[in-house]
Amino acid sequence: ATQDVETIEYFYAHTVAPAVVAILVPGAVLVALAVAAWPVALALLPFLLYAALVPMLARRRIDRLGAQSREALGGLTAHVGDTIQGLSELVAFQATGRRRAGFMALVDDYHVIRLGFFRDLSAEAAQLEIATGLGGLAVAIVGALMVSAGRLEPTMLPLLTLLAVAAFLPVSEIANVGRQLADTFASARRLQAVHGETVPVTDGAALPPRPAEGGSAVRFATVGFAYPGTRRAALDRVSLEIPPGATVALVGPSGAGKTTAANLLLRFWDPGEGAITLDGQDLRDYRLDDLRRRIALVAQDTYLFNDTLRANVLLARPDADAAAVDQAIERAALADFVVSLPEGLDTKVGERGVQLSGGQRQRVAIARAFLKNAPVLILDEATSHLDAISEALVRKALDALMRNRTTIVIAHRLSTIRAADLIAVLDGGRLIETGTHAALLARGGLYAELIERQLDYGRAAAE
């Protein structure tokens, strides 16, 4: 987005014109020499051709080195970005020295590639200088012979020699053109790889139906899905019906496919088989904006932008007025925290919300959901970062938020899932149990086992 685009722009703005001049000027010089004394032009021609062909003959190697150089520079930039984002972990685990050593190794690799690149360009420049000198010498010798034979005026010889040497000046720019061309081709390939990437999720054409009273109906019909590059199915022929206004809890071990189901409902991906419907209409028929306007998400990891707290809450509904924002803040149990901030809602939260605690970032996500007021609500471990006091406050707020909405709850805590109208148990991407809390406990299956482990852990922690 920055370096590669800038490289291509530089080529068009500053390299194309010199390349054209490198063709026109030698051509004009050869014509002028041919008119004045064609043997002189003939003597110059081989050297001009050699000077022009040297960069072209070496272009394949330079192109390869240029591509390697751009890839190495891209890897270097990615390493720096990754290091900055994970700096706290590197400090905590005393890994800054190892990370620095890895960075310097990448720098050394880049130097090796780049030096080889410039070594080839220097060899080209040296050959061009030799061709220039020999070309000028050839013109002087042939011109001197013509002067001796009386076929050329003596005063013309210095002029023709200077003119011949001047023809090589724009040709020498071809070496720079070769360097720029190699970088440009490498950048163009990287840019084209992104531009040509297939968009997996696209807009549908149908108008969205009116949502049912008190929420929307959601249906998973034999849904199968595997993430790109993996063979194991994240969801394997899952069928589940969620009536309007119902609360369904998705439970199961880590990696069972719970968050994948939520991501498919938001159409971050499309199912590989089967279909998901919202109010009886396949999600693929919706316009993406229409679909996502009807679903509010409170994710486990909330991303906050380096902006004000107000702007981060307004992400859910930019046209909301101040009263709506204040109400969302109040209902998400953030009001006391906002009062303590030096500039209230206009306080900057820092990169990724670094000025806020994990629980406070989670409550910002809940405030967004309140503000969006969508008929379908997805809670993906929405209280996982909260302490007991904050969870009690947010739990009350979530109970109000879930009223008259279709809610999909992804959680492990018993307090979060036991009141659900339906509990769906996933394991290895397959739906293996459904029922209420009491019914699943009585069945003694995986759900009962998960609850028993949680209770055992709670008892051990209490002791």
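Let me begin with what I mean by a cavity: on a 1 Å grid over the protein atoms alone, it is a set of points where a 1.4 Å probe fits but cannot get out, and its lining residues have an atom within 4 Å of a point. What you see is a predicted model, in which local features need pLDDT of at least 70 and side-chain atom pairs count only at pLDDT 80 or more, while totals for chains, interfaces and linings use all residues. Residues are numbered from 1 along each chain as its sequence is written, and side-chain values use heavy atoms, with hydrogens and water left out.

The structure holds 2 cavities of 30 Å³ or more, and the largest has a volume of about 90 Å³, a volume being the space filled by probe spheres set on the points. Its lining includes Phe220, Leu250, Ile408 and Leu426, and it divides into 11 nonpolar residues, no polar and no charged, where Ala, Val, Leu, Ile, Met, Phe, Trp, Tyr, Cys and Pro count as nonpolar. β2 gives the most to this lining, with 4 residues; strands here are DSSP runs of E, at least two residues long, numbered from the N terminus.

Turning to the sheet, it is open, with 6 strands in the order β6-β7-β8-β3-β9-β10 and mixed pairing, two strands being paired if DSSP finds at least two bridges between them. β6 (295-298) and β10 (430-435) stand at the edges, each with a single partner strand, so one side of each is left without a neighbour in the sheet. Strand β9, residues 422-427, pairs with β10 in the antiparallel sense over 5 bridges, and alanine 424 has threonine 434 in β10 as its bridge partner.

Key
On a 1 Å grid over the protein atoms alone, a cavity is a set of points where a 1.4 Å probe fits but cannot get out, and a pocket is an open set with protein on both sides within 12 Å along at least five of seven lines; lining residues have an atom within 4 Å of a point.
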